[in-house]
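User: Please give me a close look at salt bridges, and then place them in the wider fold. I am a first-year student. Short sentences would help.

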Amino acid sequence: MKRFEYSRATAPEQAAQSASVKDASFIAGGTNLLDLMKLEIETPVKLVDITRLALAQIEKTTDGGLRIGTLVTNSDLAAHPEVIANYPVLSRAILAGATGQLRNRATTGGNLLQRTRCYYFYQTDSACNKRNPGSGCPVIRGENRTLQF
Ligand SMILES: Cc1cc2nc3c(=O)[nH]c(=O)nc-3n(C[C@H](O)[C@H](O)[C@H](O)COP(=O)(O)OP(=O)(O)OC[C@H]3O[C@@H](n4cnc5c(N)ncnc54)[C@H](O)[C@@H]3O)c2cc1C
Ligand code: SF4
């Protein structure tokens, strides 16, 4: 893993300011970003930890929707009574993914902004057009049964 600077944000404005330098990244649960950093697929020079921000609320909106804070964990979202009652497909979809330990750590924002879960993307001795443009895509001729993304 490449060296990086680390800072912990205490307010959203400070997080945005802190992450405004080139090649900085927010880090939430870290369940995707840290894997990518260990493989050196992503090499941020600075991590801005947003986990202490007050962004883990789930609230109904006046127009009948649901506002989900970026730091709501996958476990909390799947178990929320409002989600179970009115968005059961969302709850079931979350529970179909990953493992209990990962869902306890993974956040909504991180889930939406994670990189592809294609195996070849994480297998750095393999070609992958997304990781290394022009290198090819083994999925076209290779094992692709579980690669639905
Ligand atoms: C073994 C395994 C199995 C998995 N299976 C599934 C699965 O079946 N289905 C599925 O959907 N996912 C699956 N995942 C992925 C998992 O859901 C994600 O790793 C997780 O949701 C990422 O959330 P995080 O908070 O850990 O994000 P992080 O790893 O902290 O961040 C991921 C990315 O999001 C960015 N980011 C995070 N929060 C913000 C924010 N507020 N604003 C801007 N950028 C932000 C970060 O900078 C980073 O680029 C699996 C992961 C593993 C390791
Ligand atoms: S489908 Fe092909 S190009 Fe896309 S991530 Fe997988 S290997 Fe890379």
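Analyst: The chain comes before the salt bridges, and the ligands and the nonpolar cores follow.

This is a predicted model, in which local features need pLDDT of at least 70, side-chain atom pairs count only at pLDDT 80 or more, and totals for chains, interfaces and linings use all residues, while side-chain values use heavy atoms, with hydrogens and water left out. Residues are numbered from 1 along each chain as its sequence is written, chains are lettered from A, and ligands are numbered from 1 in the order in which they are written.

The protein chain has 8 helices and 5 strands. Both are DSSP runs, numbered from the N terminus: helices are H or I with at least four residues, and strands are E with at least two. Along the sequence, the pattern reads β-α-β-α-β-β-β-α-α-α-α-α-α. The C-alpha atoms fill a box of roughly 50 × 40 × 30 Å, taken along the principal axes. Of the 149 residues, 35% are buried. Buried means under 20% relative accessible area, exposed means over 50%, and partly exposed lies in between (1.4 Å probe, protein chains only).

Now the salt bridges. In a salt bridge, a side-chain nitrogen of Lys or Arg lies within 4 Å of a carboxyl oxygen of Asp or Glu. The structure holds 6 of them.

Take E40 and K2. Their side chains meet in a salt bridge, 3.8 Å from N to O. This pair links distant parts of the chain, 38 residues apart. E40 sits in the loop between α2 (33-38) and β3 (46-49). K2 sits in the segment before β1 (5-8). E40 is partly exposed, at 38% relative accessible area. K2 is also counted as partly exposed, at 48%. The backbone of E40 deserves a glance too. Its phi is positive, about 60°, although E40 is not a glycine.

D23 has a positive phi as well, near 65°, and D23 is not a glycine either. The place of D23 is the loop between α1 (12-18) and β2 (24-27). At 45% relative accessibility, D23 counts as partly exposed.

Back to the salt bridges, with K60 and E82. Their closest N and O atoms are 3.6 Å apart. This pair, too, joins distant parts of the chain: K60 is in strand β4 (residues 58-60), E82 is in helix α4 (residues 81-86), and 22 residues separate them. Are K60 and E82 buried or exposed? K60 counts as exposed, at 59%. E82 is buried, at 16%.

E59 and R67 form another salt bridge. Here the closest N and O atoms are 3.6 Å apart. E59 is partly exposed, at 37%. R67 is partly exposed too, at 47%.

Next, the ligands. Ligand 1 has 23 residues around it, and F26, G30, T31, L33 and T107 come nearest. A residue is near a molecule or strand if one of its heavy atoms lies within 4 Å of it. Oxygen atoms of ligand 1 make polar contacts, that is, pairs of N or O atoms within 3.5 Å; within protein, one atom must be able to donate a hydrogen and the other to accept it, and residues adjacent in sequence count only if both atoms are side-chain atoms. A polar backbone atom of G29 is 2.8 Å from a ligand 1 oxygen. A polar side-chain atom of T31 lies 2.7 Å from an oxygen of ligand 1. An N or O atom in the side chain of T107 is 2.6 Å from an oxygen of ligand 1.

Ligand 2 has 10 residues around it, and C118, Y120, C128, N129 and C137 come nearest.

T107 leads on to L71. L71 touches T107, and also A28, I50, T51, L53, L55 and A56, leaving aside residues up to four places away in sequence. Contact here means heavy atoms within 4.5 Å. L71 belongs to the largest nonpolar core, which has 9 residues: A9, A15, A19, A24, A28, V48, I50, L53 and L71. Such a core is a set of buried Ala, Val, Leu, Ile, Met, Phe, Trp, Tyr and Cys residues joined through side-chain atoms within 4.5 Å. Apart from that core lies another, of 8 residues, among them L36, C118, C128 and V139. C118 and C128 also come up among the residues nearest to ligand 2. In soluble globular proteins, nonpolar side chains tend to be buried together.
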